[in-house]
Amino acid sequence: MYRKKSCVAMLLAGGQGSRLGILTRHVAKPAVPFGGKYRIIDFPLSNCVNSGIDVVGVLTQYRPLELNAYIGSGAPWDLDVNSGGVYVLPPYHTGKTGEWYRGTANSIYQNLEFAKQYNPDYVLVLSGDHIYKMDYAEMIAHHVKHNAAATIAVRQVPWEEASRFGIMNTDENNNIIEFEEKPANPKSNNASMGVYVFSFDKLCSYLEADEQDPESSNDFGKNIIPAMLNAGECMTAYTFNDYWKDVGTIESLWDANMDLLKDPVPVDLRDREWRIYARNVGSPPHYVAEGGSVIDSLITEGCQIMGSVTHSVLSTNAIVEEGAVVIDSVLMPGARIGKGAVIRRAIVAENAVIGEGCVVGEEEGDIAVVGSNTSLKAGEFVAAGQQVGE
Amino acid sequence: MKSNVVGLIYTGDRIEDLRDLIRIRSVAALPMLGRYRLIDFLLSNMIHSGVQNVGIIMQGNYHSLMDHIGSGREWDLHGKRSGLTILPPHTSTVRGGVYEGMLDALYANLNFLRRSTERYILVTDSYLLYRVQYDDVCKQHIESKADITLLYTKDRTVRRNGWGRYLDINGDNIVQSMEFDPIIPHYPNTYMGAFLIRREMLIDLLDRAVAAGMHHFTRELLVQMLQERLYKICGYECPGDIWSIDSIQAYYQANMAFLDTRVRTQLFNDKQPIWTKLRDEMPARYTDTAKVVNSLVADGCVIEGTVENSILFRSVVVKPGAVIRNCIVMQDALINRDAEIDGCILDKQTTVREGTRMIAPREYPVVVGKNLTI
């Protein structure tokens, strides 16, 4: 018998994240490295444990291997507990039926049994592609206070960007009266963050009804939320205006990394009250050599810097050889920059090796990307916006 | 694969020349190389040699060591079938309480020796930093049909006049005799305070030694065994660099040696990581006024000043205009604006006030104790 939990979290981690191009060709988006020693999924997982939620189902489907290995027993997030923990939930066969997840709602539907084990009052639905620090307990308290069927976290986005988001139109009591997915002429700038709290019984009944509809695309935004609104359920918006960044594109992933170098920093990862936990690989402290130089950057364990690093984020075990220059760039774990190479406005993915004298990225223009495990021969050139690799 | 060696680490060494550094902690808990403690290297030697069952004999101020080791999870020593056993002093048993020597400690923990199932036991002191494969030691031990195998090094940097144990070893690798704390060591082989022996034989030896009124394993029991010549006592030469952390200068020099990339790559490699307790700090932050050369810097540091030839542990903050040269700065230390420190060892949570200057000769590094403000 499982102990009852007030709230169970379900983390949607099944999408490919194709807008991240070459970076997600071999790994699922939530497993993409971020901020030197983290991966994207560390943020929702750490938010969960910091909010007192210790049952997390991670719904995976696309290239789950690296993500599964990364999550492991859940120990890095204190989620290896007897009374709960983190569970990786791939699609499975039930004897008669069995299929891939058809949409975000369908993936939760297929795992309702998992949630039911804990007899929860609420289910928190999260996505695995945002960088933010959020106390979900406050959002759940808001949900309880309003006696809502569903609560959707929203944030004010600049009006000119509003048409890129799912927009929640609310009344004066912050109740949602209308939902518009990427409206051409938005009526409000309250964008959905993709963080939902549902009362569990309501969620079950709407998911079951949605399954009966062969026309449905089984998606929260397209189907479940509109169906609940149409039925007149109490839906409230929970406003969250702290730092939140969607890192679903190359540009936004690079941007979010650069945000960590701002002063004051918009999302403080030194906060002892709200630690972001990550799996550790056991590398020694980083070394800056005689002749090396580092300014305005984040550097983590295992890095070795013989060259020059400016305004960049270097991940575990990245190496910058003599005479190499790294500016405005992100080096992912194990990336190696050869002698005299110049890296500018670029993302160099895991274990990529940049040969001597290569030039990757340009001072202006889009972000250049070198894919994981890719080797560039000496002297190669990668233009702004170009992606090279397998 | 199941190992046939159980490890036992004795952390009761009191080395007075480490002075303030061990006032609040055991030698095994000395912070090393930016994010480790001395015992991490021994534990890593054990697990990378396949040893899965490890006991740690605690003595004296063992709070910080306990805090560091925890359940042993970071070293994958938290299993059910094997793992880590913390052996604090018993106050009520024979030879319990404060041990006079390692022999007392072993005898007080006879239960651990009896309960282990491995055929061999590797017993080690905890003041040395080195890398070795204990499985190779065991292999040689079995092949040479030795009763006891003693680890030694020919590295001259660990020799001390008036201190240490030196072995006379013949061409057949047999230990002939031992010098104990000689004013000038004659034998070229320094005993490393680590030996491998059949577990049942150790229990038997302890029993008889205690009956004969002995307290010290090396000085009394081993020396007597060497004189009696009834046992086959062999040596195993440890390859590679080795540091004896037996004084403040030695501690300082051992840490500083790791600014050399050759030394670092020999100890640290991806295949056999050195595990340690985690703090989940964010990566180190360098601002646009940071100037760092030839230094090791751990996560969580915020560097706005100048750092040269130094080792910064986790979460050290260096304010603008501050200059740190030839220093070891332990975790959570704060170096305020325009302070200048050179040749210092700052213990944990120390604060250097704005404008403070403290410059020590590198031969005699100054230690600033934990929590102090200067």
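Which residue stands opposite Val288(A) in β16(B)? In this predicted model, the residue is Ser295(B).

The pair belongs to a contact between two strands of separate chains. Strand β14(A) is joined to β16 of chain B by 3 bridges. Strand β16 covers residues 295–297 of chain B. The two strands run antiparallel. In general, strands of a sheet pair through backbone hydrogen bonds, and the pairing can be parallel or antiparallel.

This junction sits within an open sheet of 11 strands. On the chain A side, the order runs β29(A)-β26(A)-β23(A)-β20(A)-β17(A)-β14(A). The order then continues in chain B with β16(B)-β19(B)-β22(B)-β25(B)-β28(B). Pairing across the sheet is mixed. The edges are β29 of chain A, residues 375–376, and β28 of chain B, residues 366–368. Each of these edge strands pairs on one side only.

Attention turns next to two prolines of chain A. Pro44(A) lies in helix α1, which spans residues 42–50 of chain A. Pro44(A) has a relative accessible area of 0%, so the residue is buried; the cut-off for buried is under 20%. Leu11(A) is 33 residues away from Pro44(A) in sequence. In space, the two C-alpha atoms are 7.9 Å apart. Leu11(A) is also in contact with Pro44(A). Neighbours within four places in sequence are left aside here. On that basis, Pro44(A) also contacts Leu126(A), Ser127(A), His130(A) and Tyr136(A).

Pro264(A) is placed in a loop of chain A, between α8 (250–259) and β14 (286–288). The peptide bond that leads from Asp263(A) to Pro264(A) is cis. Its omega is near 0°. The loop that holds Pro264(A) thus leads to β14, the chain A strand that is bridged to β16 of chain B.

Two residues of chain B have a positive phi. Asp76(B) has a phi near 55°, and the residue is not glycine. Asp76(B) is found in the loop between α2 (63–69) and β5 (83–87) of chain B. Its relative accessibility is 61%, so Asp76(B) counts as exposed; the cut-off for exposed is over 50%.

Gln349(B) likewise has a positive phi, near 55°, in a residue other than glycine. The loop that holds Gln349(B) runs between β25 (344–346) and β26 (351–352) of chain B. Strand β25(B) is itself part of the open sheet, next in order to β28(B). Gln349(B) is partly exposed, because its relative accessible area is 29%. That value falls between the cut-offs of 20% and 50%.

Definitions and conventions:
Residues numbered from 1 in each chain as written. Chains lettered and ligands numbered in written order. Predicted model: local features only at pLDDT ≥ 70, side-chain atom pairs only at ≥ 80, totals over all residues. Heavy atoms only, no water. Helix = DSSP H or I, 4+ residues; strand = E, 2+ residues; numbered from the N terminus. Buried < 20%, exposed > 50% of the residue type's maximum accessible area, 1.4 Å probe, protein only. Contact = heavy atoms within 4.5 Å. Pairing = 2+ DSSP bridges.
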